Amino acid sequence: MNTDELIARIKSSDENVRTAAWQAAGKVGAEAIQPLAALTGAQELEVARAAQRAIWQIVRHAGRPGAEAEKRAAVEKLILLLANDQPAALRRDVLWMLSEIAGDEAVPPMAALLDNAELREDARMALQRIPGQRSIEALRAGLDRAPADFKFHIAQSLRARGIDVPGLPSQKLKPTRGTSVNPAGR
């Protein structure tokens with residue numbers, strides 16, 4: 001199956017044809033990512049879902065061991081989808097896709113989304129999953145420029161990566177409700 005056939009099958013009104021198409025999309029490769037991304041905003045919800053699932057299949061196929069060239073091609077196409085002209089829902093999915101297969105090459109465009117109020121939480125979590133020092137540096141830089149309400153979130157990602165963040169204690173340890181229980185010994 002080539003990209004044109006995949007797109008035609010994803011657009012099919014027959015759910016069995018659509019399902020078979022997205023399940024086989026992995027082998028079509030990275031060249032199908034852009035045309036599939038255009039379908040994720042389709043009026044027909046099931047076509048949009050099938051297109052999204054097809055992109056995920058391509059990402060997972062490209063991320064398999066020994067497929068470095070396919071992985072690089074998929075990452076390049078996905079990075080293009082982080083642009084501001086794309087819908088936020090698609091960009092959110094792309095962040096998570098990149099977190100599964102990308103490396104240092106995807107850190108700068110992902111880190112730029114730490115400044116986007118709608119996507120910053122997904123960008124933070126995706127960066128947390130990217131191995132290497134460059135993603136840690138991006139999180140540190142994001143911490144420096146983050147608004148006060150988001151600093152604790154980035155600090156948590158840095159702690160998850162083994163980095164001490166003085167001055168920003170974990171919010172997980174902060175009580176969320178008042179209590180009338182006194183500490184032991186009082």
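Helices, taken as DSSP runs of H or I with at least four residues, and strands, taken as runs of E with at least two, are numbered from the N terminus. The structure is a predicted model, in which local features need pLDDT of at least 70 and side-chain atom pairs count only at pLDDT 80 or more, whereas totals for chains, interfaces and linings use all residues. Residues are numbered from 1 along each chain as its sequence is written, and side-chain values use heavy atoms, with hydrogens and water left out.

Salt bridges were assigned where a side-chain nitrogen of Lys or Arg lies within 4 Å of a carboxyl oxygen of Asp or Glu, and by this rule the count comes to eight. Burial was assigned from relative accessible area, with buried meaning under 20%, exposed over 50%, and partly exposed in between, for a 1.4 Å probe and protein chains only. Among the salt bridges is the pair formed by Glu-46 and Arg-49, with the closest N and O atoms 3.0 Å apart. Both residues of this pair belong to helix 4, which spans residues 45-62, and they are placed three residues apart, or about one turn of the helix. Glu-46 is partly exposed, because its relative accessible area is 30%, and Arg-49 is likewise classed as partly exposed because its relative accessibility is 35%.

A comparable arrangement is found in helix 8 (residues 120-129), where Glu-121 and Arg-124 are three residues apart, about one turn of the helix. The side chains of Glu-121 and Arg-124 meet in a salt bridge with an N to O distance of 2.2 Å. Here Glu-121 is partly exposed, as its relative accessible area of 30% indicates, whereas Arg-124, with a relative accessible area of 7%, is buried. A further salt bridge joins Arg-64 to Glu-70, the closest N and O atoms of the two being 2.9 Å apart. Arg-64 is partly exposed at 32% relative accessibility, and Glu-70 is also partly exposed, with a relative accessible area of 32%.

Arg-18, located in helix 2 (residues 15-23), is buried yet takes part in no salt bridge, and the nearest side chain of opposite charge, that of Glu-46, is 4.8 Å away. In this assignment Lys and Arg count as positive and Asp and Glu as negative, while His and the chain ends are not counted. With contact defined as heavy atoms within 4.5 Å, and with residues up to four places away in sequence not counted, Arg-18 touches Arg-9, Ile-10, Ser-12, Ser-13, Glu-46, Val-47 and Ala-50.

On the surface, Glu-76, Asp-104, Glu-105 and Glu-137 gather in a patch of negative charge. Patches are made of residues with over 30% relative accessible area and no salt bridge, like charges being joined within 9 Å and nonpolar side chains (Val, Leu, Ile, Met, Phe, Trp, Tyr) within 5 Å. For this purpose the place of a charge is taken as NZ of Lys, CZ of Arg, CG of Asp or CD of Glu, and accessible areas come from the Shrake-Rupley method with a 1.4 Å probe, only the protein chains shown counting as cover for residues. Of the patch members, Glu-137 is placed in helix 9 (residues 133-145) and counts as partly exposed at 45% relative accessibility.

Asp-144 is also located in helix 9, where a relative accessibility of 65% classes Asp-144 as exposed. Its C-alpha atom is 9.7 Å from that of Ile-154, the two residues being 10 apart in sequence. Phe-152, in helix 10, is partly exposed at 28% relative accessibility, and Phe-152 and Val-165, 13 residues apart in sequence, have a C-alpha to C-alpha distance of 9.6 Å.

The segment after helix 10 (148-160) contains Gly-178, which is exposed with a relative accessible area of 79%. Between Gly-178 and Val-94, which are 84 residues apart along the chain, the C-alpha separation is 40 Å. Asn-182, found in the segment after helix 10, is exposed at 56% relative accessibility, and its C-alpha atom is separated by 49 Å from that of Pro-109, 73 residues apart along the chain.
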